[in-house]
Amino acid sequence: MSQGPRSGLAAVSSALLAMSRHLEVRDVLKTIVASARELLDAQYAALGVPDDHGGFAQFVVDGVSDAQWKAIGPLPRQHGILAAMLREARTERLADVRQDPRFEGWPAAHPDMSDFLGLPIRDGDEVIGALFLANKNCEKQQGSCGFTPEDEELLALLAQHAAIALTNARLYERSRELTIAEERSRLAHELHDAVSQKLFSLRLTAQAAAALVDRDPSRAKGELQQVAALAAEAADELRAAVVELRPAALDEDGLVATLRTHVQVLDRAHTARVTFGADGVRALPAAQEEAVLRVAQEALHNALRHSGARHVDVTLVRRAGGAVLRVTDDGCGFDPQSVRRGGRHLGLVSMRDRADGAGGGLTVESAPGKGTTIEMEVPGG
């Protein structure tokens, strides 16, 4: 902590706060590595999470460009210094890692490293990772390590908090996986109980229509109308069930990219012009992102299927303390009060429920012949 107690403590505090902000394991790993490299003023830092097969389930580096990392090749195996750290669960501080008898070399594209500081990350008795740094940015005496005992203490402190952050992130991801599994099981039962029964009825009705075509065409026509009605009901129930699944694109691409892609698909599939714009929106918590996406999907469905709109515009903008979704169409519009009284909700109830569940609010502005604007505001941006 050569910068002095005040600046050193401030740096540690910033690093710990940064780690606590993330819930995804990959984000936590990246933050730990970047924080360690910055705190100890090293050229390179890395963190490996071991698997059960002599390799690493995850391996994150900082200080190496994407091109360099790609050229280095496959993830390292648990050998040499890394294996010793994981197996013996002890800190290693070396003046030149290349001179250590356990050193087994590295790929041709690997950057050259000398002084080395590494230690295991432990959750109780379990080693859940290995954190190491190389090439301290300082002048070194011949044969001495640039990393000091004070650096070692600081990295050990960071590793203790890293273990907590990583464990919490793992628990969060496992909890989410269990929730998704339970939700999929529930939806499977719903599909079986609702859609499957509808399809069974549809098949029987179609068979009846086929039997009546020659001897009673008018009754056959009625049966075929019933087939069409049952098919529409089955499609609606299937759509409602599928919509409940959290799309993988949210986790992979984020809310803005997912919305943009969804709008582009709808724009190609419908005669109406569908556009999208975003301004200054940061990543939102998972629950808020899913709620915003679902409301946007429902509002777009209503506009494109029921309003006769020629243009539907979707915007997502940052607002102090959160984000605002707005879906506007130039369609026929409606009277929200009469819709509510008539029991035809047009999805408004589910949209309001989603907004409330995300800690936000929903407003609907519409009138016959005046188009419709659905606005949803959520916190957390």
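Strand β6 and strand β7 (residues 311–319) run parallel to each other and are joined over seven bridges. Within this pairing, Arg273 has His311 of β7 as its bridge partner. The model described here is predicted, and this pair of strands is a good place to start a tour of it.

Helix α8 (residues 255–269) packs on the sheet and touches β6, β7 and β8 (322–329). The direction of α8 makes about 165 degrees with that of β6. Helix α9 (residues 286–306) also packs on the sheet, where it touches β6, β7, β8, β9 and β10 (372–379). For α9, the angle with the direction of β10 is about 175 degrees.

The sheet itself is open and has five strands in the order β6-β7-β8-β10-β9, with mixed pairing. Its edges are formed by β6 (273–279) and β9 (361–366); each has a single partner strand, so one side of each lacks a neighbour in the sheet. From one strand to the next, the twist averages 10 degrees.

Another set of paired strands lies earlier in the chain. Strand β3 (residues 92–94) pairs with β4 in the antiparallel sense over three bridges, and Leu94 finds its bridge partner in Phe116 of β4. An antiparallel pairing also joins β4 to β5, here over eight bridges, with Leu117 standing opposite Leu133 of β5. These two strands, β4 and β5, form a hairpin with two residues between them. In the turn, Gly124 has a positive phi of about 70 degrees. Strand β4 is mostly covered, as six of its eight residues are buried.

Phe116 leads on to the aromatic side chains. Phe56, Phe59, Trp69, Phe116 and Phe132 make up one aromatic cluster. With ring centres required to lie within 6.5 Å, the count comes to five aromatic pairs. In one of them, the rings of Phe59 and Trp69 have centres 5.9 Å apart and planes at 5 degrees, so this pair is stacked. Phe59 belongs to strand β2 (residues 56–62) and Trp69 to helix α3 (residues 66–72), and their pairing links distant parts of the chain, 10 residues apart. Phe59 counts as buried because its relative accessibility is 8%, while Trp69, at 25%, counts as partly exposed.

Phe116 and Phe132 form a stacked aromatic pair, with 6.0 Å from centre to centre and 25 degrees between the planes. Since Phe116 lies in strand β4 (residues 116–123) and Phe132 in strand β5 (residues 126–136), the pair ties together parts that are 16 residues apart in sequence. Both Phe116 and Phe132 are buried.

Methods: Residues are numbered from 1 along each chain as its sequence is written. This is a predicted model: local features need pLDDT of at least 70, side-chain atom pairs count only at pLDDT 80 or more; totals for chains, interfaces and linings use all residues. Side-chain values use heavy atoms; hydrogens and water are left out. Rings of Phe, Tyr and Trp (its six-membered ring) pair if their centres lie within 6.5 Å; planes under 30 degrees apart count as stacked, over 60 as edge-to-face and the rest as tilted. Helices (H or I, at least four residues) and strands (E, at least two) are DSSP runs, numbered from the N terminus. Buried means under 20% relative accessible area, exposed over 50%, partly exposed in between (1.4 Å probe, protein chains only). Two strands pair if DSSP finds at least two bridges between them. Axes are lines fitted to C-alpha atoms, for helices over the stretch in contact, and angles run from 0 to 180 degrees between N-to-C directions. Contact means heavy atoms within 4.5 Å.
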